[in-house]
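Have you ever wondered how a label in a structure description is earned? Let's take some labels one at a time and set each value against its rule.

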Amino acid sequence: MTTTENIKTKRVDISDKRLGRSVGGRLAAVFVGIALLAAVGGVFVSGGNYQPSPGGLPDAGPLVSWGVLVFTTLFIVVGIGTIGLLLYAAFLDPIAGDNWVSRSGRSATLNAGLLSLVWASTAFGAAVFSFSNILAVNLDSAFSASLVQTYAWDITTVRVYGFAMVFAIALAIGCFLSSRLKTISWWLLLAVITVSLPALAGHSAGLGDHRLAMTSGVVHAATAALWVGGLLALGLVAWPSRRRLTSEQLKIAASRFSAIALVCVAALALSGIGAAWTRLNGLDDLVWTGYGRLILGKAILLIALIGLGWRMRHRVLSSMTGHNARSAFAKVSLIELVLMSTAMGLGVALSQSAPPRSEIIFTTQGELQLGHYYPPSPTAANVIFGWSFDALFFVLALVAAGMYLAGVKRLRDRGDKWPVMRTFSWLLGLGLLVWATNAGIARYSEVSVSIHMVQHMVLSMMVPIPLVLGAPVTLALRAFAPSPTGGRGPRELINEAIHSPLARFITHPAYILAIYALGLYGLYFTSLFGVMMSNHVGHILMTFHFVATGYLLCWVTIGIDPRPRQLPHWGRLGLVIVTLLIHTFFALALMQFTAPIGASWYSVVRPPWMLDQVHDTVLAGQVAWGVGELPALVLLLIISVQWARSDERESKRRDRFTASHGDNELDDYNKYLAQLNRKNR
């Protein structure tokens, strides 16, 4: 190629890049504009637009009211863009290496860092305008040091956006410094958490089941951001004028996104139903109230998006070759983005509007904190057979059971066998998990320390044993095929996780003992217990901690699945014995308490039948002593059986080797004795 041709090629490349940037900027502007218009129109439909306060009451004014709407919309839009770029760099990029991002992936990561700084500024704006709106003061007064120091931290919305701002700044720094795929995956997780934070402040406990509402809101925000963000990133790289990827490379990226989108659509539908259930009085509200009509509009848009997604998956992707196919993909993506931005704007309008469901008036502060009436005096029937629906763990258990059974079916369809007892064990563990989080025990654990301790023992010591014996990782590695596109598919991610430095660290006996002790002494003997019980997020984290800690201990000691650190059987026995001692001393110490634990929570949510909280604390220690010993003995028994079987297998292996190759050690020893005998003669 001549010098003149090189110059012409470079000019064309520069022209394409400039055109690509202008197209990307226009797409982003259209995306933001449609979302803002939908949000503004939505609040008018629902009746949530600015209304002056009656009777001369304090009023922040229309500027603040509309400012909350604008900054809330911008926060979500910019967050979705950041998530889309990180998703592309970490998982969708078809030319990324095994460990490092490609040139285009690095560019996407840097752009995500720049967007994160914008994201932090939108979080700050949303916090300021929300603070002014809630206190009904103008913006000048909202910056008053005395008001900020007195009220800012106590307002959940302001606190949430403050955390979001800090997370976005940390995300920007991380994106500027990161080029490894693993690291960018962690930044993607932080971005998803950040965009989900406002959902934690979007529901009143007085509307009913705030657990379902909060869980649905967080899942809805996270999955919507992944879906819309991924499609936005693909739309930008697919636009014909940008010429970043070939048609085949684009097809690979779109195929990877298709699997993510399928999961997101299912989660969006379920979480949307859950959110609507907690905010509507009945189906007639969908027609006769503005709030319901917004929900109905979002549902129609979701159905339309599902139809377009089906068209994309079965028609466009299957024939994606050449420039025309790229154009078809870009056009369908543009239509989807228009519908998604409209749905997103309606979602913002819903968050700024009052739901039609009548607020429940609780007679006590404790019931207001719980979000439901006090349960009646506990009986065996109420605790064991009662029902307290927890959507998060119920759905997670259903999904885990469905995926496990699908994996077993895939193995059997191709002629492979899978032990029935492993399937039974897995389903048993999930059944115990559902019982501990959804039965009457879950409702009573909120108001009684002793019943909470029963729940703790079940989650940390009974649920993990059958789950680990179900060998889910082994099943997944056998059921999942290698990624057909050569990317980071489920099988590759599982292998990567098992052999990661983090896996080696968390399977070290010292770490297991430390985290196990922290979950007992660090939780119950400090004020942390009351803090975790007093909010739904803390309660969820505590539940996950109980299950994860027990699963980690069982995985290392009796696990069938591959693990990065193999302990000898005597080491496994020793680890279980030490944890048993830690648990025993904890139970004995708890039985000596003369003051109730978790008083900052349990003294507030004290039902009439709870007469003596100190006695309830002592009873919790007795529960820890009695209930906790049996699972530990089961672990010791399983390890002993596994040890005996291991010795038996080793003996059989040795016998087979000796039969085929002879016993060299015995032959050498006999020769040695024969030589000694000859010398003695």
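What follows is a friendly set of questions and answers on this predicted model.

Q: Why is helix 3 called roughly antiparallel to helix 6?
A: Helix 3 (residues 103–135) and helix 6 (residues 156–177) pack at an angle of about 165 degrees, with their axes 8 Å apart. Angles over 145 degrees count as roughly antiparallel, so helix 3 gets that label with respect to helix 6. The crossing of helix 3 with helix 6 is left-handed. By class, their contact has 22 nonpolar, 5 polar and 1 charged residues.

Q: What makes helix 18 and helix 23 roughly antiparallel to each other?
A: The axes of helix 18 (residues 449–462) and helix 23 (residues 509–524) cross at roughly 165 degrees and come within 13 Å. The cut-off is over 145 degrees, and therefore helix 18 and helix 23 are roughly antiparallel. Here helix 18 passes helix 23 in a right-handed crossing.

Q: How many aromatic pairs does a search of the whole structure find?
A: The search finds 20 aromatic pairs.

Q: Why is the pair of tryptophan 387 and phenylalanine 394 called edge-to-face?
A: Their ring planes stand at 90 degrees, with the centres 6.1 Å apart. Ring centres must lie within 6.5 Å to pair, and planes over 60 degrees apart count as edge-to-face, so this pair earns the name.

Q: How do you know whether tryptophan 387 is buried or exposed?
A: Tryptophan 387 has 55% relative accessibility. Exposed means over 50%, so tryptophan 387 counts as exposed. Its partner phenylalanine 394, at 25%, counts as partly exposed, because that label covers values between the 20% and 50% limits.

Q: What makes the pair of tyrosine 404 and tryptophan 426 stacked?
A: The angle between the planes is 10 degrees, and the rings are 5.2 Å apart, centre to centre. Planes under 30 degrees apart count as stacked, so that is the right word for tyrosine 404 and tryptophan 426.

Q: Why does this pair tie together separate parts of the sequence?
A: Tyrosine 404 belongs to helix 15 (residues 391–413) and tryptophan 426 to helix 16 (residues 420–438), so the pair links parts that are 22 residues apart in sequence. Buried means under 20% relative accessible area. Tyrosine 404, with 3%, is therefore buried, and tryptophan 426, with 11%, is buried too.

Q: What makes arginine 159 count as lying over the face of tryptophan 153?
A: Arginine 159 is at 5.4 Å from the ring centre of tryptophan 153. The rule asks for a distance within 6 Å, together with a position within 35 degrees of the ring normal. Arginine 422 also lies over a ring face, that of tryptophan 418, at 5.0 Å from the ring centre.

Q: Why is the phi of alanine 471 worth a remark?
A: Most residues other than glycine have a negative phi. Alanine 471 is not a glycine, yet has a positive phi of about 50 degrees. Alanine 471 sits in the loop between helix 19 (464–469) and helix 20 (472–479) and, at 0% relative accessibility, counts as buried.

Q: How do you know that leucine 411 is buried?
A: Leucine 411, which lies in helix 15, has a relative accessible area of 0%. Buried means under 20%, so leucine 411 qualifies.

Notes: Residues numbered from 1 in each chain as written. Predicted model: local features only at pLDDT ≥ 70, side-chain atom pairs only at ≥ 80, totals over all residues. Heavy atoms only, no water. Axes fitted to C-alpha atoms, helices over the stretch in contact; angles between N-to-C directions. Helix = DSSP H or I, 4+ residues; strand = E, 2+ residues; numbered from the N terminus. Parallel < 35°, antiparallel > 145°, perpendicular 65-115°, else oblique. Left-handed = near helix turned anticlockwise from the far one by under 90°. Nonpolar A, V, L, I, M, F, W, Y, C, P; charged D, E, K, R; others polar. Phe/Tyr/Trp six-rings, centres within 6.5 Å; stacked < 30°, edge-to-face > 60°. Buried < 20%, exposed > 50% of the residue type's maximum accessible area, 1.4 Å probe, protein only.
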